[in-house]
Amino acid sequence: MAEFKEISPNASASAKLANWFDNRFPSAGAAYRNHLSEYYAPKNFNFWYFFGSLALLVLVIQIVTGIFLVMHYKPDAAKAFESVEYIMRDVPWGWLVRYMHSTGASAFFVVVYLHMYRGLIYGSYRKPRELVWVFGCAIFLVLMAEAFMGYLLPWGQMSYWGAQVIVNLFSAIPFVGPDLALLIRGDYVVSDATLNRFFSFHVIAVPLVLLGLVAAHILALHDVGSNNPDGVEIKGPNAPRNPDGTPMDGIPFHPYYSVHDIFGVGVFLMVFTAIIFFAPELGGYFLEYNNFIPADPLKTPAHIAPVWYFTPFYSMLRAITTEMMYVLSAILVVSVGFVLLKTRAAAAIKAALLVVAFAFLWMFGAFGFTGVRLLEGIDAKFWGVLVMGGAVIILFFLPWLDKSPVKSIRYRPDWHKWVYGVFVVNFIVLAYYGVQPVTDLGTRISQAGTIFYFGFFLLMPWWSSKGTFKTVPDRITFAGH
């Protein structure tokens, strides 16, 4: 048992209360010091570093509004749509809570995409933060599952048919697909059983996993320290330190960055509330107009598309045709060739890559490798599902794909900035065509975008090491403001 800390009898009442609490719950004080008052962060954070705290804010908004929605929502196929209308029309301030939750879902993905992009341009996934990035990608994956399951709950036309399309994609998986789709739906079609399953996962199971990953993400970050726009380690063995051992290029997170983040929160909430009060549907991107119509299993909407934050990956799914698979096979061969010839990977890794590449080509029957064509009878949409899933999974490997000698985009060749810029534009174009009806031109553009997306990552071991790099300073660059 730890010894109690004494305090002067003349101390203020608040100091006595804090001492009383600290003596009985010292772990709370230690956590406060380790993660706030004595956690030293680089002093050159810019506006890109708002989005991590904003993601945490939106998570809290989603949990709190979700609790109030659950009080009135009924997970019953016959009453779900009516219960949402009841919340919107009859529950006091129910419309505000519902719009906060629906707008919060889109806001979550906005800040997460921007947060991930910041990590991409400043090399926040590089050593020693690989695990921080992996936890972050896992959060993104779980967040997509949470959003997808929550999207079904209003039981509108787009909710119903969107779930029907997405769940049916699982049936394309060889051997286990039909049984897996049946397990997810709980029935042969999207029905009351599906609604109850998705409600249980959306409200209980997935949020618990999400909260655990967020905690792991923050703890892993604070164990190795935050990155900064210069990519300079302020806590490294050669980093300058003050006489008390604290980093000279760092400042305590609290109160400096906690106050700094309040400004970002204020700006975010102004935009957030403006959307809620004036444009909660945002032209049909945040809330599709078809979702204000009750689900009708006998009437299919003219055009089915997921919510905007899924559309880049949905666009890749629709872009996959048989001829497109031959193109992707060629990209795989080129990528493996570059890895084998241009990198210093271990011989075992190179051999494994070679075996996997040739096994894939042999089974697909590409380039004359007819083999036994094990995959010939597989539904064509399986390849689309594989590409769509691969577009997310490949993010996990980013720390090992980037071979640049520097972390930050500031000290990379100027043409690297153009590569990252084209990547962002390409991602937005894919998102746009993911919500549009299928056309020949749209399909071709989506195919080109898919090729660039995967080429960006698969060829990164080669292009990220090319060019003339600038000298990274020994200490972070900082100008007071």
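**View 1. Lys-417 and its partner in helix 16.** Lys-417 is partly exposed, with a relative accessible area of 39%. The model shown in this and the other views is predicted. The side chain of Lys-417 meets that of Asp-414 in a salt bridge, with an N to O distance of 3.8 Å. Both residues belong to helix 16, which spans residues 414-434. Their separation is 3 residues, about one turn of the helix. Asp-414 is partly exposed as well, at a relative accessible area of 48%.

**View 2. Asp-414 and Lys-470.** Asp-414 also forms a salt bridge with Lys-470, and the closest N and O atoms of this pair are 3.7 Å apart. Asp-414 lies in helix 16 and Lys-470 in the segment after helix 18, so the salt bridge ties together parts that are 56 residues apart in sequence. Lys-470 is partly exposed, with a relative accessible area of 40%. Elsewhere, Arg-126, Asp-402 and Arg-412 are joined into one network by salt bridges that share partners.

**View 3. The salt bridge between Arg-475 and Asp-249.** The structure holds 9 salt bridges. One of them is formed by the side chains of Arg-475 and Asp-249, at 2.8 Å from N to O. Arg-475 is located in the segment after helix 18 (460-463), and Asp-249 in the loop between helix 9 (192-224) and strand 2 (250-252), so this pair ties together parts that are 226 residues apart in sequence. Is each partner buried or exposed? Arg-475 counts as partly exposed, at 35% relative accessibility, whereas Asp-249 is buried, with a relative accessible area of 5%. Asp-249 is classed as buried because its 5% falls under the cut-off of 20% relative accessible area. Side chains of opposite charge can pair when their charged atoms come close.

**View 4. A nonpolar surface patch with Val-64.** Val-60, Ile-63, Val-64, Ile-67, Phe-68, Met-71 and Leu-211 make a nonpolar surface patch of about 630 Å². Which helix gives the most to the nonpolar patch? Helix 3, residues 50-70, does so with 5 residues. Val-64 has its place in helix 3. The relative accessible area of Val-64 is 40%, and the residue is partly exposed.

**View 5. Helix 3 against helix 5.** The axis of helix 3 comes within 9 Å of the axis of helix 5 (residues 94-122), and the two cross at roughly 155°. That crossing makes helix 3 roughly antiparallel to helix 5, a term that applies to angles over 145 degrees. The crossing in which helix 3 passes helix 5 is left-handed.

**View 6. Ala-305 beside Gly-162.** Ala-305 is found in the loop between helix 10 (253-278) and helix 11 (311-319). Ala-305 is buried, with a relative accessible area of 9%. How many residues apart in sequence are Ala-305 and Gly-162? The two are 143 residues apart in sequence, while their C-alpha atoms are 6.6 Å apart in space.

Key. Residues are numbered from 1 along each chain as its sequence is written. This is a predicted model: local features need pLDDT of at least 70, side-chain atom pairs count only at pLDDT 80 or more; totals for chains, interfaces and linings use all residues. Side-chain values use heavy atoms; hydrogens and water are left out. Patches are made of residues with over 30% relative accessible area and no salt bridge: like charges are joined within 9 Å, nonpolar side chains (Val, Leu, Ile, Met, Phe, Trp, Tyr) within 5 Å. Accessible areas come from the Shrake-Rupley method with a 1.4 Å probe; for residues, only the protein chains shown count as cover. A salt bridge is a side-chain nitrogen of Lys or Arg within 4 Å of a carboxyl oxygen of Asp or Glu. Helices (H or I, at least four residues) and strands (E, at least two) are DSSP runs, numbered from the N terminus. Buried means under 20% relative accessible area, exposed over 50%, partly exposed in between (1.4 Å probe, protein chains only). Axes are lines fitted to C-alpha atoms, for helices over the stretch in contact, and angles run from 0 to 180 degrees between N-to-C directions. Angles under 35 degrees count as roughly parallel, over 145 as roughly antiparallel, 65 to 115 as roughly perpendicular and the rest as oblique. A crossing is left-handed if the near helix is turned anticlockwise from the far one by less than a right angle, and right-handed if clockwise.
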